[in-house]
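Open the model in your viewer and keep the selection tool at hand. The stops below say what to select next and what is there.

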Amino acid sequence: MSIWWSLHLRREAASVPLARRLLMGTMETAGVDPDISYDLSLALTEACANAVEHGGGADTRGASGGYRVTAYLDGEKCRIEVADSGPGFVPQRGSLCGHTAPLSAESGRGLCLIEQLADHVHVRSRPGRGAVVSFDKILKWREGALLGVS
(Lines give C-alpha, C1' and ligand atoms only; values in the text may rest on other atoms or scores of the structure.)
Protein backbone atom coordinates (compact mmCIF):
# COMPACT_ATOMS: atom_id res chain seq x y z
CA MET A 1 0.00 0.00 0.00
CA SER A 2 1.12 3.55 -0.61
CA ILE A 3 -0.05 7.06 0.24
CA TRP A 4 0.48 10.26 -1.71
CA TRP A 5 -0.94 13.74 -1.45
CA SER A 6 -0.37 17.12 -3.03
CA LEU A 7 -1.15 20.59 -1.71
CA HIS A 8 -1.18 23.95 -3.40
CA LEU A 9 -0.37 26.52 -0.72
CA ARG A 10 -0.16 30.30 -0.58
CA ARG A 11 3.28 31.79 -0.10
CA GLU A 12 2.50 32.78 3.47
CA ALA A 13 4.33 31.82 6.64
CA ALA A 14 1.19 30.13 8.03
CA SER A 15 1.32 27.54 5.23
CA VAL A 16 4.59 26.04 6.49
CA PRO A 17 3.30 24.49 9.74
CA LEU A 18 0.19 23.31 7.87
CA ALA A 19 2.29 21.26 5.44
CA ARG A 20 4.46 19.98 8.28
CA ARG A 21 1.46 18.86 10.37
CA LEU A 22 -0.11 17.06 7.42
CA LEU A 23 3.13 15.17 6.76
CA MET A 24 3.57 14.29 10.45
CA GLY A 25 -0.03 13.10 10.72
CA THR A 26 0.29 10.98 7.60
CA MET A 27 3.50 9.34 8.81
CA GLU A 28 2.17 8.79 12.33
CA THR A 29 -1.00 7.16 10.98
CA ALA A 30 1.00 4.98 8.58
CA GLY A 31 3.37 3.87 11.38
CA VAL A 32 6.64 5.51 10.35
CA ASP A 33 9.36 5.59 13.01
CA PRO A 34 9.12 8.94 14.89
CA ASP A 35 12.81 9.83 14.32
CA ILE A 36 12.42 9.43 10.54
CA SER A 37 9.17 11.42 10.65
CA TYR A 38 10.90 14.23 12.52
CA ASP A 39 13.81 14.39 10.05
CA LEU A 40 11.46 14.53 7.07
CA SER A 41 9.18 17.11 8.67
CA LEU A 42 12.15 19.35 9.46
CA ALA A 43 13.45 19.02 5.88
CA LEU A 44 9.94 19.83 4.59
CA THR A 45 9.79 22.89 6.84
CA GLU A 46 13.05 24.19 5.37
CA ALA A 47 11.92 23.57 1.78
CA CYS A 48 8.57 25.28 2.38
CA ALA A 49 10.23 28.23 4.13
CA ASN A 50 12.47 28.66 1.07
CA ALA A 51 9.43 28.61 -1.24
CA VAL A 52 7.66 31.20 0.90
CA GLU A 53 10.74 33.43 1.06
CA HIS A 54 12.04 33.11 -2.51
CA GLY A 55 9.23 31.47 -4.50
CA GLY A 56 7.88 34.34 -6.57
CA GLY A 57 6.22 37.69 -6.50
CA ALA A 58 2.63 38.84 -6.22
CA ASP A 59 0.10 38.10 -8.93
CA THR A 60 -1.77 40.77 -10.91
CA ARG A 61 -4.22 41.28 -8.01
CA GLY A 62 -1.39 41.84 -5.51
CA ALA A 63 -1.86 38.46 -3.80
CA SER A 64 1.20 36.38 -3.03
CA GLY A 65 1.71 33.45 -5.39
CA GLY A 66 1.59 29.84 -4.37
CA TYR A 67 3.76 26.76 -4.18
CA ARG A 68 3.11 23.04 -4.34
CA VAL A 69 4.05 20.29 -1.88
CA THR A 70 3.74 16.64 -2.89
CA ALA A 71 4.57 13.68 -0.65
CA TYR A 72 4.75 9.98 -1.55
CA LEU A 73 5.05 7.21 1.05
CA ASP A 74 5.56 4.00 -0.85
CA GLY A 75 6.92 0.84 0.71
CA GLU A 76 10.31 1.63 2.10
CA LYS A 77 10.76 5.21 0.85
CA CYS A 78 9.24 8.65 1.29
CA ARG A 79 9.76 11.27 -1.43
CA ILE A 80 8.80 14.90 -0.95
CA GLU A 81 8.77 17.60 -3.60
CA VAL A 82 8.35 21.36 -3.10
CA ALA A 83 7.90 23.43 -6.26
CA ASP A 84 7.55 27.20 -6.51
CA SER A 85 7.10 29.72 -9.31
CA GLY A 86 9.84 32.15 -8.35
CA PRO A 87 12.83 33.38 -10.33
CA GLY A 88 14.82 30.19 -9.77
CA PHE A 89 18.44 30.22 -8.69
CA VAL A 90 21.82 28.84 -9.65
CA PRO A 91 22.42 25.68 -7.57
CA GLN A 92 25.97 25.21 -6.28
CA ARG A 93 27.98 22.37 -7.81
CA GLY A 94 28.53 19.38 -5.59
CA SER A 95 27.28 19.47 -2.01
CA LEU A 96 24.53 21.90 -1.10
CA CYS A 97 26.56 22.57 2.06
CA GLY A 98 29.55 23.96 0.17
CA HIS A 99 28.62 27.63 0.51
CA THR A 100 26.51 27.89 3.63
CA ALA A 101 25.86 31.06 5.56
CA PRO A 102 27.93 31.91 8.64
CA LEU A 103 26.64 30.56 11.96
CA SER A 104 25.58 34.08 13.01
CA ALA A 105 23.26 34.42 9.97
CA GLU A 106 19.52 33.98 10.47
CA SER A 107 19.03 32.25 7.11
CA GLY A 108 20.94 30.57 4.31
CA ARG A 109 21.37 27.02 5.61
CA GLY A 110 18.08 25.41 4.56
CA LEU A 111 19.27 23.40 1.55
CA CYS A 112 22.29 22.18 3.51
CA LEU A 113 20.04 21.05 6.35
CA ILE A 114 17.76 19.23 3.90
CA GLU A 115 20.83 17.47 2.48
CA GLN A 116 21.89 16.38 5.97
CA LEU A 117 18.42 15.05 6.90
CA ALA A 118 17.50 13.22 3.68
CA ASP A 119 19.13 10.30 1.90
CA HIS A 120 18.97 11.92 -1.54
CA VAL A 121 18.29 15.52 -2.59
CA HIS A 122 17.71 16.90 -6.07
CA VAL A 123 17.40 20.64 -6.75
CA ARG A 124 16.19 21.80 -10.13
CA SER A 125 15.99 25.46 -11.04
CA ARG A 126 13.89 26.69 -13.91
CA PRO A 127 15.08 30.28 -14.47
CA GLY A 128 12.10 32.59 -14.53
CA ARG A 129 9.70 29.70 -13.76
CA GLY A 130 10.70 28.58 -10.28
CA ALA A 131 12.60 25.91 -8.46
CA VAL A 132 11.87 22.33 -7.42
CA VAL A 133 13.47 20.73 -4.37
CA SER A 134 12.85 17.01 -4.03
CA PHE A 135 14.26 14.72 -1.38
CA ASP A 136 13.74 11.20 -0.20
CA LYS A 137 14.53 9.03 2.77
CA ILE A 138 14.40 5.30 3.44
CA LEU A 139 11.66 4.66 5.98
CA LYS A 140 11.78 2.68 9.18
CA TRP A 141 8.51 1.38 10.59
CA ARG A 142 7.07 0.94 14.05
CA GLU A 143 5.95 -2.56 15.05
CA GLY A 144 2.50 -3.26 13.56
CA ALA A 145 2.64 -0.32 11.14
CA LEU A 146 -0.17 -0.03 8.57
CA LEU A 147 2.14 0.45 5.57
CA GLY A 148 5.34 -1.18 6.79
CA VAL A 149 7.14 -3.45 4.37
CA SER A 150 6.57 -7.09 5.30
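Select Cys48 first. In this predicted model, Cys48 is buried, because its relative accessible area is 0%, and buried means under 20%. Now select Cys78. Cys78 is buried too, with a relative accessibility of 0%. How many disulfides does a search of the whole structure find? The search finds zero. A disulfide is a covalent bond between the sulfur atoms of two cysteines.

**The whole chain**

Zoom out and colour by secondary structure. The protein chain has three helices and five strands. Starting at the N terminus, the elements follow the order β-α-α-β-β-α-β-β. The chain has 150 residues, and 39% of them are buried. Take the contacts between residues at least 6 apart in sequence: 65% of these join residues at least 24 apart.

**The sheet**

Hide the helices and show the strands. In what order do the five strands of the open sheet lie? The order is S1-S2-S3-S5-S4, and the pairing is antiparallel. Select S1 (2-10) and S4: these strands stand at the edges, and each has a single partner strand, so one side of each has no neighbour in the sheet. On average, neighbouring strands of this sheet are turned by 10 degrees against each other, with direction ignored. As background, strands of a sheet pair through backbone hydrogen bonds, either parallel or antiparallel.

Next, select S1 together with S2. These two strands pair in the antiparallel sense over nine bridges. To see one position in this pairing, pick Leu7, which stands opposite Val69 in S2.

Move on to strand S2 (residues 66-74) and strand S3 (residues 77-84), which form an antiparallel pair over eight bridges. Two positions are useful to label here. Tyr67 stands opposite Asp84 in S3, and the bridge partner of Thr70 in S3 is Glu81. S2 and S3 form a hairpin with two residues between them. Select Gly75 in the turn: Gly75 has a positive phi of about 65 degrees.

**Helices H1 and H2**

Show the helices again and select helix H1 (residues 15-30). Which strands does H1 lie across? H1 lies across S1, S2 and S3, and runs at about 170 degrees to S1.

Add helix H2 (34-54) to the selection. Two packed helices are described by the angle between their axes and the distance between the axes. H1 and H2 pack at an angle of about 155 degrees, and their axes are 9 Å apart. An angle over 145 degrees counts as roughly antiparallel, so H1 and H2 are roughly antiparallel to each other. H1 passes H2 in a right-handed crossing. To see where the two helices meet, show side chains: the H1 residues include Val16, Leu23 and Met27, and the H2 residues include Leu40, Leu44 and Cys48. This is the Cys48 from the opening of the tour, which is buried.

**Helices H2 and H3**

Keep H2 and add helix H3 (residues 110-117). H2 and H3 pack at an angle of about 155 degrees with axes 9 Å apart, and these helices are therefore roughly antiparallel to each other. Is the crossing of H2 and H3 left-handed or right-handed? The crossing is left-handed. Asp39, Leu42, Ala43, Glu46, Ala47 and Asn50 in H2 meet Gly110, Leu111, Leu113, Ile114 and Leu117 in H3.

Now select the buried residues of H3, which are Gly110, Cys112, Ile114 and Leu117. These residues pack against H2, strand S4 (120-126) and S5.

**Val133**

For the last stop, select Val133 in strand S5 (residues 130-138). Is Val133 buried or exposed? Val133 counts as buried, because its relative accessibility is 10%. Leaving aside neighbours within four places in sequence, display what Val133 is in contact with: Ile80, Glu81, Val82, Leu111, Ile114, His122 and Val123. Two names here have come up before: Glu81 is the bridge partner of Thr70, and Ile114 is one of the buried residues of H3. Finally, draw a C-alpha to C-alpha distance from Val133 to Val69. These residues are 64 apart in sequence and 9.8 Å apart in space.

Notes:
Residues numbered from 1 in each chain as written. Predicted model: local features only at pLDDT ≥ 70, side-chain atom pairs only at ≥ 80, totals over all residues. Heavy atoms only, no water. Disulfide = S-S within 2.5 Å. Buried < 20%, exposed > 50% of the residue type's maximum accessible area, 1.4 Å probe, protein only. Helix = DSSP H or I, 4+ residues; strand = E, 2+ residues; numbered from the N terminus. Contact = heavy atoms within 4.5 Å. Pairing = 2+ DSSP bridges. Axes fitted to C-alpha atoms, helices over the stretch in contact; angles between N-to-C directions. Parallel < 35°, antiparallel > 145°, perpendicular 65-115°, else oblique. Left-handed = near helix turned anticlockwise from the far one by under 90°.
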